[in-house]
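Please open the model in your viewer and keep the side chains switched on. The tour below moves from one selection to the next and says what is to be found at each stop.

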Amino acid sequence: MSSHPITLTWNRDDKEFSYRSYSRDHDLDFGHGVSLRASAAADFLGTAEMPDPEQAFVASLSSCHMLTFLALASMQKLTLESYVDNAVGFLEKGKNGKPVLARVELHPQTVWAEGVIVSPEKLKELHDRAHQECFLAN
């Protein structure tokens with residue numbers, strides 16, 4: 001149906017290449033002049049001030065859910081003013097004892113346009129459907 005390429009680039013930059021010393025910093029190039037400097041999580045010897053893969057995964061899920069939610073709301077003529085999600089991913093021990101991003105909790109907050117009233121039941125329905133139709137959640 002479609003492809004979504006990125007280019008990841010990492011260089012040793014003449015640093016020692018032992019487990020504790022090599023840099024985890026790398027570049028993610030999304031094309032069209034858009035790139036992002038990223039690293040491992042600080043707990044895994046990365047640079048704390050940079051996004052890590054776990055955060056990027058949580059961000060992708062949150063973004064996909066929001067984009068699907070916006071599409072559903074717009075098709076039902078429910079105008080939104082803003083959408084904020086304080087999403088959290090939880091790294092936990094998997095069945096084999098190794099870390100796994102076991103769950104992601106979304107905490108979306110919506111502000112509807114003046115005159116738009118969305119009941120709690122309707123809001124839940126929109127979020128449930130957005131979850132079912134999000135490409136990444138599936």
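**Charged contacts and ring pairs**

Begin by selecting Glu92, Arg103 and Glu105, which are joined in a network of salt bridges; bear in mind throughout that the model is a predicted one. Within this group, the side chains of Arg103 and Glu92 form a salt bridge with an N to O distance of 3.0 Å. Because Arg103 belongs to strand β6 (residues 99-105) and Glu92 to strand β5 (residues 88-93), this pair ties together parts that are 11 residues apart in sequence. Arg103 is partly exposed, with a relative accessible area of 37%, and Glu92, at 31% relative accessibility, also counts as partly exposed.

Keep Arg103 selected and add Phe90: Arg103 lies over the face of that ring, 3.9 Å from the ring centre.

How many salt bridges does a search of the whole structure find? The search gives six, and for further examples the selection should move to helix α2 (residues 120-133). There, Lys122 and Glu125 meet through their side chains in a salt bridge of 3.2 Å, N to O, and since they are three residues apart in the helix, about one helical turn separates them. Lys122 is partly exposed at 23% relative accessibility, as is Glu125 at 43%. In helix α2, select also Asp128 and Lys124, which lie four residues apart, about one turn of the helix, and whose side chains form a salt bridge of 2.7 Å, N to O. Asp128 counts as partly exposed at 35% relative accessibility, whereas Lys124, at 52%, counts as exposed.

Turn next to the aromatic residues, of which the structure holds five pairs. In one of them, the rings of Tyr19 and Tyr22 have centres 6.2 Å apart and planes at 80 degrees, so this pair is edge-to-face. Tyr19 is exposed at 52% relative accessibility, while Tyr22 is partly exposed at 22%. Widening the selection to Trp10, Phe17, Tyr19 and Tyr22 shows a cluster linked by ring pairs. Add Arg24 as well, since its charged end sits over the ring of Tyr19, 4.8 Å from the ring centre.

For the last stop, select Phe69 and Tyr83, whose ring centres are 5.5 Å apart and whose planes stand at 55 degrees, so that the pair is tilted. This pair links distant parts of the chain, with Phe69 in helix α1 (residues 53-75) and Tyr83 in strand β4 (residues 80-85), 14 residues apart. Are these two residues buried or exposed? Both Phe69 and Tyr83 are buried.

Technical notes. Residues are numbered from 1 along each chain as its sequence is written. This is a predicted model: local features need pLDDT of at least 70, side-chain atom pairs count only at pLDDT 80 or more; totals for chains, interfaces and linings use all residues. Side-chain values use heavy atoms; hydrogens and water are left out. Rings of Phe, Tyr and Trp (its six-membered ring) pair if their centres lie within 6.5 Å; planes under 30 degrees apart count as stacked, over 60 as edge-to-face and the rest as tilted. Buried means under 20% relative accessible area, exposed over 50%, partly exposed in between (1.4 Å probe, protein chains only). Helices (H or I, at least four residues) and strands (E, at least two) are DSSP runs, numbered from the N terminus. A charge sits over a ring if NZ of Lys or CZ of Arg is within 6 Å of the ring centre and within 35 degrees of the ring normal. A salt bridge is a side-chain nitrogen of Lys or Arg within 4 Å of a carboxyl oxygen of Asp or Glu.
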